[in-house]
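Here is a briefing on the structure shown below. It goes topic by topic, in short points.

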Amino acid sequence: MSKSKLIKKLAQLYGIKLEYFDISGKLQEVSVENCLKFLELFNINTSSEITLKKEINKIELDKWQKILPPVLVLKHNDIPLIKFRIPEKKLNQSFRWVFTEENGQNHSGELIPAELTITSYRHFKDYGTFYEFELPLPIETECGYHDLEIYFENKKISQMKLIVTPEKCYLPESFNKNKKIWGPKIRFNTIRNKTNLRTADANDLKYLIKFISRYKAGIIGIGAINQVMDDESGEIDFNLPSSRNLINTLYLNVETIISFIGDKSVQVKILSDEFQQSYKKLKESESVDFQDIYDLKYKILKIIYFAFRENHINNKTSKAWEFYNYIKFRGKNFRKLALFEALREHLINEDAKFRNWENWPESYKNPDSETVISFENSNKELLEFYMFLQWRADMQLAEAGLLSFHRKLDVGIFTELPLYIEKNGADAWAYQEFYNFNAYLKKQDEFDKENFKSVYPEIPKKLKNYAYEPIIDILRINMKHSGAIKISDLSFFEHRKWFVKDNNDEYSFIVKYPFEDIIGIIALESQRNRCIIVTDDSSCNIPKIVQTMLRFNILKESDFNFEEINSNEQMQTFITSLKTLKVPESEKTKTQGYKIAKIPCATYRIQFNKNFTFKDAIKIVPYLKNLGISHCYASPLLKARSDSTHGYDIVDHNSFNQEIGMKEDFYEFIDVLHNHNMGLILDIVPNHMGIGNDNIWWMDVLENGQSSSYASYFDIDWHPPKKELQGKVLIPVLGDHYGNILSNGELKLNFNIKSGKINLSYYEHKFPINPSSYPIILEYRLDVLASRIGRGNNDFLEYQSIITEFKNLPVYNALEITKVRERIREKEIAYSRLGNLCRSNSLICDFIRENLNDFEVRDNDEVTCNRLHQLLEEQAYRLAYWRVSVDEINYRRFFDVNDLAGLCIENPAVFASTHNFILDLIEQKAVDGLRIDHPDGLLDPTNYFLKLQQESAKRLGIEFDVTNDKLLSDKNLPIYIIVEKILAPFEKIPTNWAIHEIGRAHV
């Protein structure tokens, strides 16, 4: 092969299109010179035929040495045929494949390559011959992200991601192109609100959603939602994000976050002269300086953040727990992006030239450098500040998205997915391996068509090597709260024009991208997020794109009827024009909701359970209306224990009981009530929770004792008189005395390979095992494991390291905040390591299960009895005969019901964790009043009712001063509340309870 052909072949392997059609439709062939320039972008040695052949051979060898490709994207219902490559010497060896579905279900099988049909082979000098087979997986794969692993001699030797995609993108069945959905399309950075900070924010979005929903609008466009940054000149380009994985924190509503934190001292600090002067400057300025707005807003947000640390993180409240859960959910890439923001702030404080990371000191340019890692470790609070902002931005956008759903907008929020990123932004720094910094793309300025900005191109091969993870992350964060998303140019995923300058000459290249794979993933995320995909009408000039749009249900922007709003004047005109429309009374009722403050005329109680659901209730609403019923009075609707017939054994205060129906069913029920001019009174249970396997909080307490994040949630006496119960919870569930149950072998240990956790079971009851006690099991017969796999084996060393990590965990009765955090963090890491190790090495998994078998008591065996008993002595709970509960139980119950544990509702964290969901329903005007079940057990019912009224008032925007006695009469209370209380003949209801009525049950 000639040198010119070798150059073209190598360039093609790196992604260049050797032939393409120009604008006039004429076929163009790429020259050898252009191919050489393209290869220089990758620093390829093209000096001779020998070096070219070596480079081609290197690429081919790399492909053939990979047993599995990094990723395979299939359409649903396609037969999964996996390319499987091995060297000749292993043709007759036995391999094991393990296929793990996204839902955790495992499939496995054995294969011997020599028994399969060879589809191709390749010989390499010095490396021998490699063969390729097609491995058919006998599995019906559902849409999603699955994993395939290949094992040889119990060692994982290769793995790949199998992505199964749907045939089409999401499109509601009710969507009708002939009846265009309409709504405003707003540029938020051009709208000025009435606050001193001058910019529109998340609350303005919520206001607009409420407003347009009254006039049958079905969509609201808000442009891109991504984080932007200032350049060297201090200018901000809102169409060129710093990161497509972060949300623009400029649109955060400060007052909402202050309310969320619940610290009035923050408002006092903001009223200081320093801030007021800055406010005044912004307010009086003729122009809007976004950088000044950012700077002031960030100063305020830092005050709020440190109040959050003081009030919530330091006190381990539920909000702190939610924050750290969010960080964990977003993963390591999210942390890296926040780290960029923190680093940039730190370096700009030293020198303004560091606005661009390319100007940073060399040691800071690499995200994985020792300097950056050291900075991360020593600046935790600054790093978490930027993650805190993203958390709140995400939540505020979520509230707007949920509101659009409740207000019955056909589509809801319509956002735009930016195709380009700022070359000095967070994405370019954090994901350097994905970009070619020697080339550039040209992004046309939206307003100045003659002006272009240079941005870095992504390397197609890198996307595949990382199983499209960067694209998936971007799609998820942008689709998450949107009903529709616009991808302006679909051909961007098929090819891109790369540019490079050489002296005064500019060269361009058409580079191919894996179009079908990416469109399939877009369809998958579209279906999962129920998000319509839209593109620019200009994309419809390209035949291939038109065919793709038809195949995948992708819409044009002209399929909607948008009212463009780019200024305050246009916004005012739009609002005025809508207000002149006469809205039918039925529509007002449907969209604006029912007046909550109204006292019910007549109520009808509905006992919900799996035999009478929201859908059943919907059917009887017209009948109840004809009876003269003003309000349905519902039994508790929150998640209760499985098969609960009454709902008073709640196990999760933040979700609906799915046996009754999904949230969509609930809101449909509410809409039907409102359409009949009726409302809902909801029964809630603040005094206690159902405990057991379904209750995550309770199981965490059993696992971690006083070190649990939820130890203070339950009314537990950790220091009872009985010595052996010190620091433990008595669990009276056994059907006989503990010794009898133990010796009968009724207590069994189980290991979950997926979670890496060990638990104890007693029939239907499950109990977690204190992770600090895992070494008792894991170290048992350790010499046996060493003899099986070898003491020098890497997996054996990892196993020993995991044992050490469990041993080093702080004890379950540790109370020091740093120790508690350490335990919470490190135990999860240890579980994950143990699960990963067992999934990759079945010998270790089998060894652990053998050990558990040896801890099982058989035939009253004294040795195994003592072995299991010693393990149980290390737990944060003590199992006991149910009859001893009257004398020894050390947690407060509901009456004498052992599986209903009392809550410390006087704890602000507990109040928030158990009432936020209900308060959301009040704010949404889905609930008109509350019936409080048995407040007798509350430590301070007077203050509980005041707080409940006060928090309801905040959500409803009602002024309510709990210190004003005049406002505590029935007529002035913000929310209708009644209580059920058992009254003795001599007992009276306290007059200072902020309630309306009492449902009395006399004894």
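## Cysteines

C601 is exposed, at 64% relative accessible area. The model is a predicted one. It holds zero disulfides. The points below take the cysteines further, then turn to the cores, a sheet, the salt bridges and the backbone.

- C601 takes part in no disulfide. The nearest cysteine sulfur belongs to C632 and is 14 Å away. A disulfide needs the two sulfur atoms within 2.5 Å, so this pair does not count as one.
- C904 contrasts with C601 in its surroundings: C904 is buried, with a relative accessible area of 11%, whereas C601 is exposed.
- C632 also appears among the contacts of F669.

**Nonpolar cores**

- The largest nonpolar core has 123 residues. F669, F714, L747 and Y799 have the most contacts inside it.
- Helix α31 gives the most to this core. The helix covers residues 908-923 and supplies eight residues.
- A second core, separate from that one, has 90 residues. Among them are A200, L250, M387 and L389.
- What does F669 touch, once its neighbours within four places in sequence are left aside? Its contacts are F608, F614, A617, I618, V621, C632 and L680.
- In soluble globular proteins, nonpolar side chains tend to be buried together.

**A three-stranded sheet**

- Three strands form an open sheet in the order β4-β8-β7. Their pairing is antiparallel.
- Which strands stand at the edges? They are β4 (81-87) and β7 (118-124). Each has a single partner strand, so one side of each is left without a neighbour in the sheet.
- From one strand to the next, the twist averages 20°.
- Six bridges join β7 to β8 (residues 128-136), in the antiparallel sense. Y121 has Y131 in β8 as its bridge partner.
- Helix α3 (residues 49-65) lies across β4, β7 and β8. The helix runs at about 135° to β7.

**Salt bridges between distant parts**

- The count of salt bridges comes to 63.
- K17 and E494 form one of them, at 3.8 Å from N to O. K17 lies in the loop between α1 (3-13) and β1 (19-21). E494 lies in the loop between β18 (484-486) and β19 (495-502). The two are 477 residues apart in sequence, so the pair ties together distant parts of the chain.
- E494 is buried, with a relative accessible area of 13%.
- E381 and R309 also meet in a salt bridge, at 3.6 Å from N to O. E381 is in helix α12 (residues 380-406) and R309 is in helix α8 (residues 290-313). The pair links parts of the chain 72 residues apart.
- Is each partner buried or partly exposed? E381 is partly exposed, at 40% relative accessible area. R309 is buried, at 6%.

**Salt bridges: a helix pair and a network**

- E951 forms a salt bridge with K947, with the closest N and O atoms 3.7 Å apart. Both residues lie in helix α32 (residues 941-956). They are four residues apart, about one turn of the helix.
- E951 is buried, with a relative accessible area of 17%. K947 counts as partly exposed, at 31% relative accessibility.
- Salt bridges also link K185, E416, K486, D536, E557 and E564 in a network.
- Side chains of opposite charge can pair when their charged atoms come close.

**Positive phi outside glycine**

- Most residues other than glycine have a negative phi. Two exceptions follow.
- N154 is not a glycine, yet has a positive phi of about 65°. N154 lies in the loop between β9 (144-152) and β10 (155-165). N154 is partly exposed, with a relative accessible area of 30%.
- K316 is also not a glycine, and its phi is positive, near 55°. Where is K316 placed? K316 sits in the loop between α8 and α9 (318-348). At 24% relative accessibility, K316 counts as partly exposed.

Conventions
Residues are numbered from 1 along each chain as its sequence is written. This is a predicted model: local features need pLDDT of at least 70, side-chain atom pairs count only at pLDDT 80 or more; totals for chains, interfaces and linings use all residues. Side-chain values use heavy atoms; hydrogens and water are left out. A nonpolar core is a set of buried Ala, Val, Leu, Ile, Met, Phe, Trp, Tyr and Cys residues joined through side-chain atoms within 4.5 Å. Buried means under 20% relative accessible area, exposed over 50%, partly exposed in between (1.4 Å probe, protein chains only). Contact means heavy atoms within 4.5 Å. Two strands pair if DSSP finds at least two bridges between them. Axes are lines fitted to C-alpha atoms, for helices over the stretch in contact, and angles run from 0 to 180 degrees between N-to-C directions. A salt bridge is a side-chain nitrogen of Lys or Arg within 4 Å of a carboxyl oxygen of Asp or Glu.
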